[in-house]
Amino acid sequence: MSPLAPTGPDGSETQGFVAAELASEFPGLGLSWTVVERGPGRSPRELRERLRYMSNRIGGRQAIELRNQEVPHAYRVFFRQIGIDPDETRTPIEAVVLSRLQQGGFRSRGLIEDAVLIGVAETGVALTALDADQVEGSLGIRSAIPGEDLGGAGLVEEGVLVIADDLGPVTKLFEEAAGRGQVSKKTRRTAIAAVQVGAISQMSVSEALWIAAEVMAAG
Amino acid sequence: MTTALRTRVHPGSVEHAVDERAARRDLRRQIARLEATLGRLHSSSFPRQGIELRARPTAMAPGRMLDLAELEQVRDSMIGALAAGRAELERRHLLEADFRELITEMERDPAAHKWERVSNLDIGEPGCKHWHSRPRWGILGALMGWWRVKVSSGCPLATAQAGA
């Protein structure tokens with residue numbers, strides 16, 4: 001088994017594949033990822049401080065205007081275009097902001113979860129964390145074919161958009177991995193993947209990945 | 001008499017596939033524009049509550065590439081939500097105009113509007129401010145017909161949420 005290769009020597013992210021039929025229907029759809037040589041753990045004090053600082057920057061007014069900003073808007077549009085009601089299943093950035101409002105602040109859930117949260121909150125780009133040693137070859141976005149399962153987490157319906165590697169689907173798009181690829185206590189290397197949609201720039205995607213990787217590396 | 005020539009596109013042909021793809025692309029553009037409009041309406045309706053802006057297409061398996069009919073459903077549900085939202089917002093605006101007029105009349109003649117109360121929510125504004133026509137000095141004022149409009153603006157003190 002050849003797990004995900006480390007990120008390039010300059011620390012840049014790797015571009016994943018997008019199935020041809022999806023690429024033609026959804027221009028701008030893309031997947032990028034970076035690998036960090038870290039596993040889960042408790043977030044250091046500085047990171048928890050950073051979460052508290054971030055909590056103070058987000059309030060009700062920002063939440064109201066969020067959906068009109070370029071990046072959150074792009075995800076809402078894409079959600080609708082693939083049949084997801086973004087007012088029922090929140091986009092990643094809206095879910096982050098909503099949790100901040102409901103809980104009164106960002107709560108530390110561990111190094112990897114906090115790194116992903118910070119990357120999402122700072123840029124709005126959708127991020128997901130995977131166990132880099134449990135995925136093989138290259139990651140990308142495609143439609144599930146009949147009979148596929150999510151690496152032991154149950155069957156996935158035909159046509160559902162998934163993040164997949166050379167072995168098959170790893171997780172549904174915009175969901176956390178629950179089977180193969182799920183981050184666990186045994187994870188030693190973490191792949192952080194960013195889903196790019198619509199008019200979201202590659203620069204925003206790179207920034208999100210860089211922020212999350214930097215937070216993890218410093219932890 | 002001229003006869004218009006009609007080119008029939010057969011389902012399954014390349015032309016049909018291209019037509020459908022162009023139609024899907026156009027529907028997705030429409031969905032994007034409608035989402036932007038719904039977003040602006042959502043922002044402008046704040047802080048009013050109870051204005052339903054959710055587009056609810058007929059149940060479909062989510063998270064996949066939708067076909068033409070499904071994209072049309074999504075678009076139509078968004079159009080419906082937009083129309084309903086705009087109508088409700090317009091209705092609220094009319095009500096709020098009436099309440100603003102009531103505030104003016106209360107301030108002009110508090111005694112004619114005894115115990116009446118108008119809040120910021122009634123006029124579509126955020127915050128806890130309200131106007132209340134009350135007698136000066138309690139029972140004495142009520143008996144003597146001394147009425148005034150008391151403007152209160154204090155919000156309830158914030159308390160920690162349970163479990164936060």
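Two strands are taken as paired if DSSP finds at least two bridges between them. With that in mind, the sheets of chain A in this predicted model make a good starting point.

One of them is an open sheet of four strands in the order 1-3-8-4, with antiparallel pairing. Its edges are formed by strand 1 (14-15) and strand 4 (126-131) of chain A, each of which pairs on one side only. Strand 4 of chain A runs antiparallel to strand 8 (residues 190-196) of chain A, and six bridges join the two. Within this pairing, Leu130(A) stands opposite Ala191(A) of strand 8. Helix 6 (residues 111-123) of chain A packs on the sheet, where it touches strand 4 and strand 8 of chain A. The direction of helix 6 makes about 160° with that of strand 4 of chain A.

Chain A also holds an open sheet of four strands in the order 2-5-6-7, here with mixed pairing. Strand 2 (17-18) and strand 7 (169-172) of chain A each have a single partner strand, so one side of each is left without a neighbour in the sheet. Strand 7 of chain A is joined to strand 6 (residues 161-164) of chain A by three bridges, and these two strands run antiparallel. Ile163(A) has Thr171(A), in strand 7 of chain A, as its bridge partner.

Turning to the interface, 29 residues from chain A and 28 residues from chain B take part in the contact. About 2400 Å² is buried between chain A and chain B, and carbon and sulfur atoms give 51% of that area. On the chain A side, the residues that lose the most area to chain B are Glu25(A), Arg80(A) and Gln81(A), which together account for 27% of what that side buries.

The polar side of the picture can be itemised as well. Between chain A and chain B the count is eight salt bridges. Glu25(A) forms a salt bridge with Arg21(B), with the closest N and O atoms 3.9 Å apart. Across the interface of chain A and chain B, 13 residue pairs are found in polar contact, both residues being at pLDDT 80 or more.

As for where the touching residues come from, helix 1 (20-25), helix 3 (60-66), helix 4 (70-81) and helix 5 (92-103) of chain A each supply at least two residues of the side that touches chain B. Helix 4 of chain A gives the largest share of that side, five residues. Sorted by class, the side of chain A that touches chain B has 12 charged, nine nonpolar and eight polar residues.

Methods: Residues numbered from 1 in each chain as written. Chains lettered and ligands numbered in written order. Predicted model: local features only at pLDDT ≥ 70, side-chain atom pairs only at ≥ 80, totals over all residues. Heavy atoms only, no water. Contact = heavy atoms within 4.5 Å. Buried area = accessible area lost by both parts, 1.4 Å probe. Salt bridge = Lys/Arg side-chain N within 4 Å of Asp/Glu carboxyl O. Polar contact = N/O pair within 3.5 Å; in protein donor to acceptor, adjacent residues only side chain to side chain. Nonpolar A, V, L, I, M, F, W, Y, C, P; charged D, E, K, R; others polar. Axes fitted to C-alpha atoms, helices over the stretch in contact; angles between N-to-C directions.
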